[in-house]
Amino acid sequence: MIKIAVCGAAGRMGGRIIAAIKEAEGVELSGALERPGHPMVGQDAGFNAGLGAIGVAISDDLNVVVDGCDALIDFTAPKVSLKNLEACALKRKSIVIGSTGFTPEERALAAELAKDIPAVLAPNMSVGVNVCFKVLKDVARTLGDNFDVEIVELHHNKKKDSPSGTAVRMGEVVAEALGRDYNEVANYHREGICGERTREEIGMQTVRGGDIVGEHTVYFIGMGERIEISHRAMSRDMFSRGSVRAAQWVVGKAPGLYDMQDVLGLR
Ligand SMILES: NC(=O)C1=CN([C@@H]2O[C@H](COP(=O)(O)OP(=O)(O)OC[C@H]3O[C@@H](n4cnc5c(N)ncnc54)[C@H](OP(=O)(O)O)[C@@H]3O)[C@@H](O)[C@H]2O)C=CC1
Ligand SMILES: O=C(O)C1=N[C@H](C(=O)O)C[C@H](O)C1
């Protein structure tokens with residue numbers, strides 16, 4: 001039985017991950033973690049999962065929760081995730097991180113901290129989006145430089161980071177396939193007399209509103225024709241099931257930083 005703890009247990013994803021752990025075979029919920037001062041600390045973790053009481057109280061003690069698990073699943077925010085990664089590295093525990101909004105420097109730090117333990121860091125844990133990453137590489141390579149690339153993502157009005165981690169990864173995949181540097185060609189802003197579009201740029205557009213779970217479209221726009229590759233999430237459950245699958249996969253792996261392409265065998 002693999003013991004999994006969840007960080008961000010009172011959050012939108014935390015509740016769905018706890019429900020997914022309770023549904024999955026071969027895993028058990030060993031702990032639930034929230035930030036000190038959170039109103040749900042001390043309450044049963046099953047309530048946010050819609051399960052009623054399950055006998056695991058939400059804790060604010062990172063060390064105790066990490067000590068009690070084989071793998072920590074963390075869906076919070078980059079700075080919190082890096083602190084959790086450091087704690088897991090010290091105690092030689094595995095970690096699965098779904099948080100998004102990492103800077104390139106923070107991602108490099110994550111890779112450094114994961115030198116001694118197996119860790120999965122992925123902006124999207126759904127099978128569908130990960131297949132899209134693979135397909136996008138082929139489409140971009142095949143179309144080459146004659147199609148303009150624009151990426152549009154839609155999310156709920158509580159999302160804190162922009163563009164989404166998934167949209168950034170899509171941009172990185174396409175840029176790499178076209179021999180470009182994403183950080184140089186990403187264009188996040190057009191306003192006023194901003195000039196004609198350059199051939200190299202990848203437009204990154206963000207929509208926020210209501211309860212949209214997550215939608216991503218990559219447009220390849222040519223002269224007289226256009227290809228659109230879209231993914232629409234209908235609930236958070238495939239993200240949470242994906243994170244549990246990642247935790248089952250990562251325990252016992254060699255140290256290093258992996259992503260969902262490794263977990264799903266899509267490389
Ligand atoms: N990889 C994937 O497949 C997916 C990734 N995500 C990403 O996951 C992250 C979380 O999303 P979501 O669940 O919607 O966000 P929420 O804000 O609903 O949940 C995050 C939770 O983490 C808590 N938290 C903050 N600081 C700490 C801390 N120091 N220790 C423990 N818990 C803490 C928050 O508390 P408080 O609210 O009080 O700050 C909150 O309860 C985001 O970065 C999002 O983009 C989301 C869906 C899928
Ligand atoms: O914050 C969210 O909700 C989501 N975040 C992830 C991202 O930033 O890519 C994945 C998913 O789209 C939901």
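**Aromatic pairing and ligand surroundings in a predicted model**

In this predicted model, the count of aromatic pairs comes to one. The pair is formed by Trp249 and Tyr258, whose ring centres are 5.0 Å apart; because the ring planes stand at 85 degrees, the arrangement is edge-to-face. For planes, an angle over 60 degrees is what counts as edge-to-face. Trp249 and Tyr258 are both buried.

The surroundings of ligand 1 were examined next. A total of 23 residues surround ligand 1, and the closest of these are Arg12, Glu34, Arg35, Thr100 and Met125. When the shell around ligand 1 is divided by class, nine residues are nonpolar, eight are polar and six are charged. Several polar contacts can be described individually. The backbone of Arg12 places an N or O atom 2.8 Å from an oxygen atom of ligand 1. In the case of Glu34, an N or O atom of the side chain is found 2.6 Å from an oxygen atom of ligand 1. Met125 contributes through its backbone, a polar atom of which lies 2.8 Å from an oxygen atom of ligand 1. On its own, ligand 1 exposes 920 Å², of which the protein buries 80%. With regard to location, ligand 1 occupies the space of the largest pocket.

Ligand 2 was treated in the same terms. Its shell consists of 13 residues, with His155, His156, Lys159, Gly165 and Thr166 being the closest. By class, the shell around ligand 2 comprises three nonpolar, eight polar and two charged residues. Two histidine residues make polar contacts with ligand 2 through their side chains. For His155, a polar side-chain atom is positioned 2.6 Å from an oxygen atom of ligand 2. For His156, the separation between an N or O atom of the side chain and an oxygen atom of ligand 2 is 2.8 Å. A further contact involves the backbone of Pro123, where a polar atom is 3.5 Å from an oxygen atom of ligand 2. Taken alone, ligand 2 has 330 Å² of accessible area, and the protein covers 85% of this. The space taken by ligand 2 is likewise assigned to the largest pocket.

Definitions and conventions: Residues numbered from 1 in each chain as written. Chains lettered and ligands numbered in written order. Predicted model: local features only at pLDDT ≥ 70, side-chain atom pairs only at ≥ 80, totals over all residues. Heavy atoms only, no water. Near = heavy atom within 4 Å. Polar contact = N/O pair within 3.5 Å; in protein donor to acceptor, adjacent residues only side chain to side chain. Areas by Shrake-Rupley, 256 points an atom, 1.4 Å probe, with all protein chains shown as cover. 1 Å grid on protein atoms, 1.4 Å probe; cavity = no way out; pocket = protein on both sides within 12 Å on 5 of 7 lines; lining within 4 Å. Sits in = over half its atoms within 2 Å of the grid points. Nonpolar A, V, L, I, M, F, W, Y, C, P; charged D, E, K, R; others polar. Phe/Tyr/Trp six-rings, centres within 6.5 Å; stacked < 30°, edge-to-face > 60°. Buried < 20%, exposed > 50% of the residue type's maximum accessible area, 1.4 Å probe, protein only.
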